[in-house]
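Student: I should like a close look at a single part of this model, the protein surface that meets the DNA. Please set it in the context of the contact between the protein chains.

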Protein chains: 2
Amino acid sequence: MNLKQLSQLLGLSQTTVSRALNGYPEVNAETRERVLDAVRRTGYRPNRAAQRLATGRAGSIGLVMPTAHGYPSDVHFGEFLAGLGDEAVRHDFHFVINPSHPDDEEATCKRLVASGNIDALFIAYMREKDPRVALLKSLSVPFIVHGRSIGIPTDYPYLDIDNTAAFHDATKLLIQLGHRRIALLNGPAHFAFAIRRKRGMAAALAESGLTLDETCVQHSPMTDEHGFSGMKRFLDLPEWPTAILCSSTVLALGAVRALNQAGLKIGSDVSLIAHDDVLPMLKPENFSVPLTTTRSSLRSAGSRIAKRLISRILKLEILPEQELWRAELIVRASTGPAPHRAGRANERSAG
Amino acid sequence: MNLKQLSQLLGLSQTTVSRALNGYPEVNAETRERVLDAVRRTGYRPNRAAQRLATGRAGSIGLVMPTAHGYPSDVHFGEFLAGLGDEAVRHDFHFVINPSHPDDEEATCKRLVASGNIDALFIAYMREKDPRVALLKSLSVPFIVHGRSIGIPTDYPYLDIDNTAAFHDATKLLIQLGHRRIALLNGPAHFAFAIRRKRGMAAALAESGLTLDETCVQHSPMTDEHGFSGMKRFLDLPEWPTAILCSSTVLALGAVRALNQAGLKIGSDVSLIAHDDVLPMLKPENFSVPLTTTRSSLRSAGSRIAKRLISRILKLEILPEQELWRAELIVRASTGPAPHRAGRANERSAG
DNA sequence: CATTCTTCTCAAAGCGCTTTGGAAGGAAGA
DNA sequence: TCTTCCTTCCAAAGCGCTTTGAGAAGAATG
């Protein structure tokens, strides 16, 4: 069923039917009702490709998904996508997902825009001096960045959480509890969020005259496995940390396991704070020792980005171009006063 | 840059350029090279909407993503999508993802097909007597089902793992180890895979004259939290199970925690087998007690489905229409002989 | 030399939609 | 009655591509 057939069925012209469908005023209310009724009966749906060709719009948001054989998928991607979907479904928007080799994202962005079948683009996994920002600006396509780059002017539309502040606050809490030697299980070093988190932590330490020991920092994909091995490495240091910051609850999972295995009690022997993206699969409050976290829902971020993008495309309302969300610091049982014989590993590693 | 401009630039007709680009034989090798070169220089990309309108094809696979506010996102979805992407990226295919309320998937399928901007459709999360199969057959759009429905003829293209056999085998192993009372932490009861897994388990028990106790079965979303609460419930039973089957390593995560909390040793006090979708985030071999699993890579499944779909669309090669993959049973440390004083909880719950 | 093939290229139609620029018909004002 | 103005509808152009049916030029054949 296409427009032509539908209009013949109704004995109207294509113009009138199209107008009735798209809410133009110059069509009789009764006629419109008749058209709408026919649509319901026949199940007619406008062809999106034709619609796009004619208008340049068709209700789609583009995103590139980094993927390659052997390259681990990211739990956070799915959760974020769900957030985007929550909002998109309301406006009958869909996503055009272009898979891309992680090293080829820039070119894929370009192709995706040039293909002409997206109304707006969303990009994430920002890196330092990310070239995609300048690219998209030059392409003059509406876009929003999830996160922020580093080392380039921040005059682009973004939604980010204040990673620096989050990890600053978390570190400060640990310092107040008496911890002096704090480790960091971070995401991959090339991501801007990881850089900011580390900076936030370093800043808080510096304020108390402490420095961040690089041997107490690990950059890795945020999996259980890396959390485990990273934590183990920390525990093998001559002087092990009494507190750990984790960039994800998934990392914390492995870290907790390593801690348990070493016979250390979380919240007393060792304190731990994780960043919580609010993954439904893994809740910090349900850890055997509930985790103190810096919380910010990834899903809400997705939802908000979709909302901003759609508002922009449909010209619904003017929403702020730049948003920096504050993560909530939620204290649970995994943080406690630094142990008195803090940081001297000998007694443990000997045992 | 569009075809017209490109052809003017080259001093050729649009037809010739189009033919050169699409590999038609009737164009001079030299001319073709000249065209290809111009494409590289200008970065020309055909407009997908126009291409689709003209040909009916544009290299896109449709999928509907169940999502709603408050409805948890599924870790497995992301991993599967990554698999699809691995293959799709090679043929310059993309995905059109239509978010949908979980109860509205059927209508969304219909809309997605009617919208005319997909070449093929992929559906998953199959339920009993799933109406989408008949729908897609009637719509005469190429499609593949991930999983299989139950209670309708299986004359449609699918890729599934043999869930029945997997859980049958796992159960049999436990029985051979002397376990008599076995519990199941399963996925949601309306999903076909969950039904089959339960059946496989029940069948194996029946073969040894045992029956599956419904109080030892939990159907729930596959999150850590549900694994934990489910396991706890099992341990509160007057006679608790000595072995547990989990439909996901994520469920196992919670189950293990509950077991640890109860002071039970996995592999001796209690045995545990989980189904492993090979999530990079969570490896069964890295659990504190490495998990015995039935393994089948979700990502490979995604990749294979993309391959079949694309082969079909591009008419590359004839691939089998129906595939049933066998999951591998991998024995690790989480399974061991049933304890002698099997299943009597009193001694524990008193402690 | 005329004729038939090849080989290469082109003009134009058509995919299904939106949108511009009227036109027809009736109501209202002169 | 004639003009003007709405209201309601329509014909046709155009979005950027592919593809059909043909034409021009050159090579091969009679």
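Tutor: The account below takes each DNA strand in turn and then passes to the interface between the protein chains.

The model is a predicted one, and every value given here is computed from its coordinates.

DNA strand C has 27 residues around it, of which A:L3, A:R19, A:Y24, B:S13 and B:T15 come nearest. Both protein chains are thus represented among the nearest residues. Of the strand C atoms that lie within 4 Å of the protein, 60% belong to sugar or phosphate, and the rest belong to bases. Several individual contacts to the phosphates of this strand can be named. In chain A, a polar side-chain atom of A:S18 is placed 2.8 Å from a phosphate oxygen of DNA strand C. In chain B, B:S13 uses a backbone N or O atom, which lies 2.6 Å from a phosphate oxygen of strand C. B:T16, by contrast, places a polar side-chain atom 3.0 Å from a phosphate oxygen of that strand. The elements that give two or more residues to this surface are α2 (14–21) and α4 (48–55) of chain A, together with α2 (14–21) and α4 (48–55) of chain B. By class, the surface near DNA strand C comprises 10 nonpolar, 14 polar and three charged residues.

DNA strand D is likewise surrounded by 27 residues, and the closest are A:S13, A:T15, B:L3, B:R19 and B:Y24. Sugar and phosphate make up 58% of the strand D atoms that come within 4 Å of the protein. Contacts from chain B to this strand include both bases and a phosphate. A polar side-chain atom of B:T15 lies 3.2 Å from a base oxygen of DNA strand D, and a backbone N or O atom of B:A50 lies 3.4 Å from a base nitrogen of DNA strand D. The phosphate contact comes from B:Y44, with a polar side-chain atom 2.9 Å from a phosphate oxygen of strand D. Here too, α2 and α4 of chain A and α2 and α4 of chain B are the elements that give two or more residues to the surface. The largest share, five residues, comes from α4(B). The residues near DNA strand D divide into 10 nonpolar, 14 polar and three charged.

The protein chains also meet each other. In that interface, 55 residues of chain A are in contact with 55 residues of chain B. Together the chains bury about 4400 Å² between them, with 60% of this area on carbon and sulfur atoms. Two salt bridges are found across the interface; the side chains of B:E225 and A:K283 meet in a salt bridge at 3.1 Å, N to O. The interface also holds 24 residue pairs in polar contact, both residues being at pLDDT 80 or more. On the side of chain A that touches chain B, the elements giving two or more residues are α4, α5 (75–88), β2 (94–100), α6 (105–114), α10 (224–235) and α11 (249–261). Of these, α5(A) supplies the largest share, nine residues. By class, this side of chain A has 26 nonpolar, 17 polar and 12 charged residues.

Strand pairing also links the chains. Three bridges join β2(A) to strand β2 (residues 94–100) of chain B, and the two strands run antiparallel. Within this pairing, A:F95 stands opposite B:I97 in β2(B).

One element of chain A appears in both settings: α4 of chain A gives two or more residues to the surface near DNA strand C, and α4 of chain A also gives two or more to the side that touches chain B.

Definitions and conventions. Residues numbered from 1 in each chain as written. Chains lettered and ligands numbered in written order. Predicted model: local features only at pLDDT ≥ 70, side-chain atom pairs only at ≥ 80, totals over all residues. Heavy atoms only, no water. Near = heavy atom within 4 Å. Polar contact = N/O pair within 3.5 Å; in protein donor to acceptor, adjacent residues only side chain to side chain. Helix = DSSP H or I, 4+ residues; strand = E, 2+ residues; numbered from the N terminus. Nonpolar A, V, L, I, M, F, W, Y, C, P; charged D, E, K, R; others polar. Contact = heavy atoms within 4.5 Å. Buried area = accessible area lost by both parts, 1.4 Å probe. Salt bridge = Lys/Arg side-chain N within 4 Å of Asp/Glu carboxyl O. Pairing = 2+ DSSP bridges.
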